[in-house]
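I wanted to go through this one by hand and keep notes as I went. Charged pairs come up, then a sheet, then some helix packing.

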Amino acid sequence: MYIKNAWYVAAWSADLATAAPLAITMLDEPLVLYRDDAGRAVALEDRCCHRLAPLSHGRVEGRDIRCLYHGLKFAPDGTCNDMPGHTAIPKAMRVRAYPVAERHSALWVWMGDPARADATQIPDFRGPDHPDWAMLPGRMDYAADYRLIQDNLLDLSHVPYVHRASFGRSDARINDAWTRATVHVAPLAQGVHVTRWLTDTPAQPFLGQPAGARVDVLNAFDYLVPGIFLLTTRHYAQGTAQRSPREAPTEAPLFATFSCQAVTPLTARTTCYFFAYGPWMRHPDAVAMKDGYATLALQAFNEDKTLIEAQQRIIDADPARPMTLFDVDRAPVQYNRLAASLMEQERR
Amino acid sequence: MYIKNAWYVAAWSADLATAAPLAITMLDEPLVLYRDDAGRAVALEDRCCHRLAPLSHGRVEGRDIRCLYHGLKFAPDGTCNDMPGHTAIPKAMRVRAYPVAERHSALWVWMGDPARADATQIPDFRGPDHPDWAMLPGRMDYAADYRLIQDNLLDLSHVPYVHRASFGRSDARINDAWTRATVHVAPLAQGVHVTRWLTDTPAQPFLGQPAGARVDVLNAFDYLVPGIFLLTTRHYAQGTAQRSPREAPTEAPLFATFSCQAVTPLTARTTCYFFAYGPWMRHPDAVAMKDGYATLALQAFNEDKTLIEAQQRIIDADPARPMTLFDVDRAPVQYNRLAASLMEQERR
Amino acid sequence: MYIKNAWYVAAWSADLATAAPLAITMLDEPLVLYRDDAGRAVALEDRCCHRLAPLSHGRVEGRDIRCLYHGLKFAPDGTCNDMPGHTAIPKAMRVRAYPVAERHSALWVWMGDPARADATQIPDFRGPDHPDWAMLPGRMDYAADYRLIQDNLLDLSHVPYVHRASFGRSDARINDAWTRATVHVAPLAQGVHVTRWLTDTPAQPFLGQPAGARVDVLNAFDYLVPGIFLLTTRHYAQGTAQRSPREAPTEAPLFATFSCQAVTPLTARTTCYFFAYGPWMRHPDAVAMKDGYATLALQAFNEDKTLIEAQQRIIDADPARPMTLFDVDRAPVQYNRLAASLMEQERR
């Protein structure tokens with residue numbers, strides 16, 4: 001049920017402290033992350049090969065980590081290099097090592113065949129430290145199948161219902177614009193690209209427009225394997241949508257926001273959701289608005305969480321019950337077809 | 001494991017507020033109850049046909065309820081009558097609607113074939129608003145199979161043990177009368193009728209008898225499909241039981257109490273128990289005694305709950321272990337035979 | 001997965017009050033323990049044969065216990081001797097009775113064939129009331145398979161890692177002595193005997209040695225079927241280990257401590273761990289040191305519990321994953337072989 005040959009976000013960089021190992025189960029596999037004495041991140045199987053105790057209860061020593069049950073020590077490549085009281089260490093004494101890369105303020109772990117790990121394939125995530133956007137990193141743990149979260153992100157027609165009071169600001173002119181919008185879905189090599197114009201919506205005060213002004217807002221996102229969501233929202237003068245119905249016009253927008261997100265499956269029914277969301281730095285008040293956007297995101301993503309966890313419980317009470325999809329589901333259907341074909345390739 | 005073609009109590013009327021949908025899983029099926037803008041109760045499957053989100057997270061709009069995931073709206077008959085952004089609505093877009101009737105201060109839901117739903121078959125429940133009895137509605141959620149609660153109600157020989165301090169008032173003369181009583185069990189078309197005389201018990205002070213007076217108390221109940229318990233207790237002058245050993249005598253009793261109860265299976269191991277219990281209104285202090293009887297009932301029914309949930313845990317630890325029934329179990333055995341034959345008919 | 005024909009510790013004597021029945025599930029079987037009116041302990045199946053309610057919710061009456069569901073009363077041999085309202089009691093009305101013995105401040109229950117129960121086979125446990133040792137009884141409930149706790153006790157090479165700060169007093173000279181020690185494992189009829197010398201460790205202040213003095217400490221334990229751990233630690237003048245490398249020398253030690261422990265499986269994933277630990281009474285401050293040793297034991301055994309419960313979660317997430325044992329595991333391997341052969345004999 002998971003794509004294995006992919007880079008998954010395992011943590012925000014800031015969440016992995018020096019010398020304190022961090023346990024995370026990803027794709028049903030227990031991992032321990034730690035930083036060695038040079039600050040480099042290491043990811044190992046969180047299960048000592050001796051008696052299966054978690055290495056995350058252990059102690060970092062230099063580049064290595066020592067199991068604090070019977071004292072075996074493991075190097076970043078997973079080999080055991082100390083067995084207290086023993087000099088000859090059997091080759092079988094090793095744990096699995098996972099390729100790790102630190103990019104965009106996040107730690108990315110390759111969950112598949114290590115020989116195929118290539119850190120240049122990590123998408124241009126533009127994390128919370130990106131200079132163009134004023135963002136704070138957030139995370140949320142779901143008691144739900146990652147695919148329900150994925151389907152939620154891929155079909156934003158839920159915004160005027162789930163987020164009517166947060167992103168929709170309880171404003172019928174905004175929520176109606178979402179309902180009216182025409183959605184364009186385009187395939188990407190590693191995902192889908194989805195756009196919609198929200199036309200004729202009230203300009204927010206900080207856009208510096210005359211009182212009562214309306215704007216057209218272009219909402220565009222990529223959803224990429226294995227669960228990377230990159231959303232840009234751009235505000236333009238009213239009428240822009242009509243001139244440039246399918247894509248962003250060439251002129252600079254009045255204002256923009258960006259959100260990078262990652263959906264990481266932990267187990268069949270638990271998922272970690274990483275997110276950052278904020279205004280562009282070209283707005284003079286961007287830094288001042290940073291906290292407000294982070295709070296808004298947290299409110300909105302909790303709305304999703306409440307609903308999706310309830311949906312999961314309904315599904316689990318009768319797993320045979322089918323969904324009935326229709327054309328709002330084009331993007332999830334396209335993405336899920338791509339993901340299924342990648343999983344099928346991995347099985348072969 | 002459930003009788004489907006039957007009216008089940010889903011809630012007390014007072015517990016379903018206007019416009020706030022109420023989720024309840026009954027017989028392993030998720031339901032949403034709501035009142036439309038005219039106050040009429042509606043019961044639908046609590047699972048939007050689109051992506052299986054619970055409608056109970058939705059919003060009542062007029063006679064309908066709107067799913068607050070992607071905005072589909074459903075009528076009381078379960079048909080979808082609004083799909084935001086769409087005009088042609090496929091017939092497949094519908095949820096199951098359940099017949100509902102409001103009677104005796106309770107909401108009754110028919111869980112079987114809607115064509116067979118006939119609200120005139122709802123038993124004469126005499127709910128908490130019945131003019132003859134001073135009762136308050138109560139409910140309790142059990143972590144137990146509904147059949148354990150049913151067997152408990154059908155065999156009141158547990159009263160002098162489980163309820164020795166509540167209904168038995170820690171009085172050996174009352175508890176002994178329960179142990180001595182001869183039990184009569186008679187079949188009914190839809191259940192069983194059970195009676196016993198508790199002879200020679202101390203008259204309660206409010207009966208207005210001389211100090212030290214004794215009374216004979218007739219305890220009689222119907223237990224009806226699918227879990228309706230109607231119990232009347234009548235106090236008479238000492239010696240009445242000998243004159244009228246099998247049934248109520250023709251003269252009016254000195255005092256009486258009534259209890260209506262409903263056992264509604266939620267899932268295989270959760271059950272909702274609805275109850276009301278109180279004195280008859282002919283006693284001048286009936287209204288003043290109402291709260292005291294409700295408190296006594298709550299104490300006693302919690303005694304049952306503690307014991308039955310413990311019994312359930314013992315059973316689940318070794319489900320193959322058989323019970324050893326004897327003649328106190330005549331009423332449960334008779335009722336369970338009837339219920340089994342009804343379930344067998346439904347399977348055919 | 002359990003040895004049945006064995007005496008298990010079910011409780012400390014002090015934990016079974018007069019007249020208040022105590023429920024304990026042992027080896028997946030529900031038991032009720034109670035003291036009769038003469039203070040004698042009784043152990044019965046905690047499941048009334050009638051409707052499977054727990055007798056532990058019942059009431060002790062003389063030598064017997066009465067079920068407080070429908071009033072059946074059972075004698076210490078498990079036979080029903082009162083069925084309210086009935087005179088002829090069927091032979092089938094009985095519950096299983098378990099042999100019990102009270103020894104060494106503990107209640108021992110025989111879980112197998114009662115005909116084979118022989119209380120003289122209870123090991124010399126030397127419980128908390130033993131005159132030679134100043135000990136307080138303790139207990140701890142684990143969410144783990146009893147075999148993980150057993151393997152932990154059988155291989156004390158975990159001490160310098162798990163207990164580096166408690167038993168190892170964060171002192172490298174002590175922890176290193178544990179790592180350096182040569183372990184001797186010898187078979188016993190009902191278990192294994194394990195010894196190691198911790199040489200050249202700092203003398204504790206209360207040994208009355210000159211400042212900077214070193215001692216040799218002999219650590220020796222028996223681990224006996226079905227989970228009895230008896231550990232003696234003796235402190236001697238430096239050099240003693242060299243003179244008497246395999247066993248205790250003939251002279252009296254400078255100081256000693258003792259610990260008696262019992263590992264009682266409750267269910268497949270829950271275990272009760274009973275323990276007492278303290279200094280010998282020959283030390284003039286033994287009584288004053290009693291509480292300190294009990295606190296140290298509690299700290300150390302919580303260190304084990306934290307680690308073992310984490311190990312259990314790792315194992316349960318992928319139960320097929322094998323352990324990789326090596327020579328520190330000699331004692332657990334020997335003991336587990338003995339236990340497996342006893343279980344195999346019982347199956348035949």
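Below are my entries, in the order I looked things up.

**Entry: ground rules**

I am working from a predicted model, so I kept to features with pLDDT of at least 70 for anything local.

**Entry: salt bridges**

I started with a search of the whole structure, and it returned 75 salt bridges over all chains. I picked a few to look at one by one.

In chain A I pulled up A:R243, which makes a salt bridge to A:E251 with the closest N and O atoms 3.0 Å apart. I checked how open the two ends are. A:R243 is exposed, at a relative accessible area of 57%. A:E251 comes out as partly exposed, at 31%.

Next I went to chain C, where C:R66 and C:D82 meet through their side chains in a salt bridge of 2.9 Å, N to O. What does this pair tie together? C:R66 belongs to strand 6 (residues 64-66) of chain C and C:D82 to strand 8 (residues 80-82) of chain C, so the bridge links parts that are 16 residues apart in sequence. I looked up the exposure here too. C:R66 counts as buried at 9% relative accessibility, while C:D82 counts as partly exposed at 24%.

Still in chain C, I found a salt bridge between C:K305 and C:E309, with 2.9 Å between the closest N and O atoms. Both residues sit in helix 5 (residues 286-317) of chain C, and because they are four residues apart there, about one helical turn separates them. Buried or exposed, I asked of C:K305 and C:E309? C:K305 is buried, and C:E309 is buried as well.

I also noted a network: A:E45, A:R47, C:D318 and C:R321 are joined into one by salt bridges that share partners.

**Entry: the chain A sheet**

I then traced a sheet in chain A. Seven strands make up an open sheet, ordered 12-18-17-16-15-14-13, with antiparallel pairing. Which strands stand at the edges? They are strand 12 (138-142) and strand 13 (183-188) of chain A; each has a single partner strand, so one side of each has no neighbour in the sheet. I wrote down the twist as well, which averages 20 degrees from one strand to the next.

From the edge I followed strand 13 of chain A to strand 14 (residues 191-202) of chain A, and the two pair in the antiparallel sense over six bridges. A hairpin of two residues joins strand 13 of chain A to strand 14 of chain A. For register I noted that A:H184 has A:T195, in strand 14 of chain A, as its bridge partner.

Further in, I looked at strand 15 (residues 214-224) of chain A against strand 16 (residues 228-237) of chain A, an antiparallel pair with ten bridges. Here A:L224 stands opposite A:I228 in strand 16 of chain A.

**Entry: helix 1 on helix 6**

In chain C, I checked how helix 1 (residues 146-154) meets helix 6 (residues 330-347): the axes come within 8 Å and cross at roughly 140 degrees. That angle makes helix 1 of chain C oblique to helix 6 of chain C. The contact involves C:Y146, C:Q150, C:D151 and C:L154 of helix 1 of chain C, and C:A331, C:P332, C:Y335, C:N336 and C:M343 of helix 6 of chain C. I put down the crossing of these two chain C helices as right-handed.

I went on to chain B, where helix 1 (residues 146-154) and helix 6 (residues 330-347) pack at an angle of about 140 degrees with axes 8 Å apart. Helix 1 of chain B and helix 6 of chain B are therefore oblique to each other, and helix 1 of chain B passes helix 6 of chain B in a right-handed crossing. Among the residues making this contact I listed B:Y146 and B:L154 of helix 1 of chain B, and B:Y335 and B:M343 of helix 6 of chain B.

**Entry: C:F221**

Last, I picked one residue and looked around it. C:F221 is in strand 15 (residues 214-224) of chain C. At 0% relative accessibility, C:F221 counts as buried. Which residues does C:F221 touch, leaving out those up to four places away in sequence? The list is C:L153, C:L154, C:L156, C:V192, C:H193, C:V194, C:R196, C:F229, C:L230 and C:L231. I also took one distance: the C-alpha atoms of C:F221 and C:R180 are 18 Å apart, with their positions 41 residues apart along the chain.

Conventions:
Residues are numbered from 1 along each chain as its sequence is written. Chains are lettered from A and ligands numbered from 1 in the order in which they are written. This is a predicted model: local features need pLDDT of at least 70, side-chain atom pairs count only at pLDDT 80 or more; totals for chains, interfaces and linings use all residues. Side-chain values use heavy atoms; hydrogens and water are left out. A salt bridge is a side-chain nitrogen of Lys or Arg within 4 Å of a carboxyl oxygen of Asp or Glu. Buried means under 20% relative accessible area, exposed over 50%, partly exposed in between (1.4 Å probe, protein chains only). Two strands pair if DSSP finds at least two bridges between them. Axes are lines fitted to C-alpha atoms, for helices over the stretch in contact, and angles run from 0 to 180 degrees between N-to-C directions. Angles under 35 degrees count as roughly parallel, over 145 as roughly antiparallel, 65 to 115 as roughly perpendicular and the rest as oblique. A crossing is left-handed if the near helix is turned anticlockwise from the far one by less than a right angle, and right-handed if clockwise. Contact means heavy atoms within 4.5 Å.
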